[in-house]
Amino acid sequence: MTLNDIIVSALAQLDRGHDAQTMDVWRDKFTRFANDAVTDICAAYKPRRTDVIDSRDGTFTTAMLSRGCRKVLFVKRNGVSEEFFDGDSSEVIVTSGGPGIIEVTYRCVPKELFASTDEPDIPEWMHGLIVSYVVGRERAAGDVSLQRGGNIYFQMYEAGKAAIRPHLGGGDSQRIVNRW
């Protein structure tokens, strides 16, 4: 779902038109709401990325990664985990190995939605949650007689968010089975 699709869906649920003029009126506000939703969902989802970078001297900076970095989780060289620690600042990471190509797995910050064709940095099945959040925020900010209508959208949003398992599909997932 693109940002444009999210805005159109929200306008449809709010019983407002979605012609070009109406879209322009609501685009900035709904984009802010959508970005807030993606950030909140990512706090529950804790998305991970793995980037391959060239560590020329055994160090790298978080600026070398393709997305903003919240926390470095693993560093691997040739498929083998490597120790790492903070260098002179929190942006500099020092590895135990020397120079070379390394794989860095980290918790990432979602990129913000700006253009109408931007897609959120979360799995596609979670995009409907963004629409619920946008509609809930708009109804809650409106006329007092309409504010109660926002509660159902926030409840749907929170129920969907509660179903998200952190690190869904992570490489180090574990399952505990009760044998008795």
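**Exposure, fold and cores of a predicted model**

Asp15 is exposed, with a relative accessible area of 69%. The model is predicted. Asp15 sits in the loop that joins α1 and α2. Its backbone is also notable: phi of Asp15 is near 60°, a positive value in a residue other than glycine. Most residues other than glycine have a negative phi. Lys46 is a further case, with a positive phi near 55°. This lysine lies in the loop between α2 and β1 (48-55). Lys46 has a relative accessible area of 26%. That value lies between the 20% and 50% cut-offs, so Lys46 counts as partly exposed.

The protein chain holds four helices and seven strands. Their order along the sequence is α-α-β-β-β-β-β-β-β-α-α. Two helices thus precede the strands in this pattern, and two follow them. Contacts across long stretches of sequence are frequent. Of the contacts with a separation of 6 or more, 69% join residues 24 or more positions apart.

The overall dimensions were computed next. The radius of gyration of the protein chain is 21 Å, whereas a compact globule of 180 residues would have one near 16 Å. Along the principal axes, the C-alpha atoms fill a box of roughly 65 × 55 × 25 Å. Buried residues make up 37% of the 180 residues. The accessible surface comes to about 10700 Å². Carbon and sulfur atoms account for 50% of that surface. The protein chain carries 22 positive and 25 negative charges. The mean positions of these two sets are 7 Å apart.

The largest nonpolar core has 28 residues. Phe30, Ile41, Met126, Ile130 and Val134 have the most contacts inside this core. Four helices each supply at least two of its residues: α1 (3-13), α2 (20-45), α3 (127-141) and α4 (144-162). The largest share comes from α2, with 10 residues. A second, separate core has 10 residues. Its members include Phe60, Val72, Val75 and Tyr106.

Two residues of the largest core were examined further. Ile130 belongs to helix α3. Its relative accessibility is 0%, so Ile130 counts as buried. Beyond its neighbours within four places in sequence, Ile130 is in contact with Ile6, Ala34, Ala37, Val38, Ile41, Pro120 and Ile122. One of these partners, Ala37, is 93 residues away in sequence. The C-alpha atoms of Ile130 and Ala37 are nevertheless 5.6 Å apart in space. Met126 also touches Ile41. With neighbours within four places in sequence left aside, the other partners of Met126 are Tyr45 and Ile164. Ile41 is therefore a contact of both Ile130 and Met126, where contact means heavy atoms within 4.5 Å.

In the strand region, Thr50 provides an example. Thr50 is found in β1. With a relative accessible area of 46%, Thr50 is partly exposed. Outside the neighbours within four places in sequence, its contacts are Glu103, Val104 and Thr105. Thr50 also lies 6.5 Å from Tyr106, C-alpha to C-alpha, at a sequence separation of 56 residues. Tyr106 is one of the members of the second core.

Lys111 follows in the loop between β7 (100-109) and α3. Its relative accessible area is 42%, so Lys111 is partly exposed. Leaving aside neighbours within four places in sequence, Lys111 is in contact with Arg67, Glu119 and Asp121. Asp121 stands 10 residues from Lys111 along the chain, and their C-alpha atoms are separated by 6.7 Å.

The last residue considered is Gln147, in helix α4. At 32% relative accessibility, Gln147 counts as partly exposed. Gln147 and Arg137 are 10 residues apart along the chain, with a C-alpha separation of 9.2 Å.

Notes: Residues are numbered from 1 along each chain as its sequence is written. This is a predicted model: local features need pLDDT of at least 70, side-chain atom pairs count only at pLDDT 80 or more; totals for chains, interfaces and linings use all residues. Side-chain values use heavy atoms; hydrogens and water are left out. A nonpolar core is a set of buried Ala, Val, Leu, Ile, Met, Phe, Trp, Tyr and Cys residues joined through side-chain atoms within 4.5 Å. Buried means under 20% relative accessible area, exposed over 50%, partly exposed in between (1.4 Å probe, protein chains only). The radius of gyration is taken over C-alpha atoms; the globule rule is 2.2 Å times the number of residues to the power 0.38. Accessible areas come from the Shrake-Rupley method with a 1.4 Å probe; for residues, only the protein chains shown count as cover. Lys and Arg count as positive and Asp and Glu as negative; His and the chain ends are not counted. The place of a charge is taken as NZ of Lys, CZ of Arg, CG of Asp or CD of Glu.
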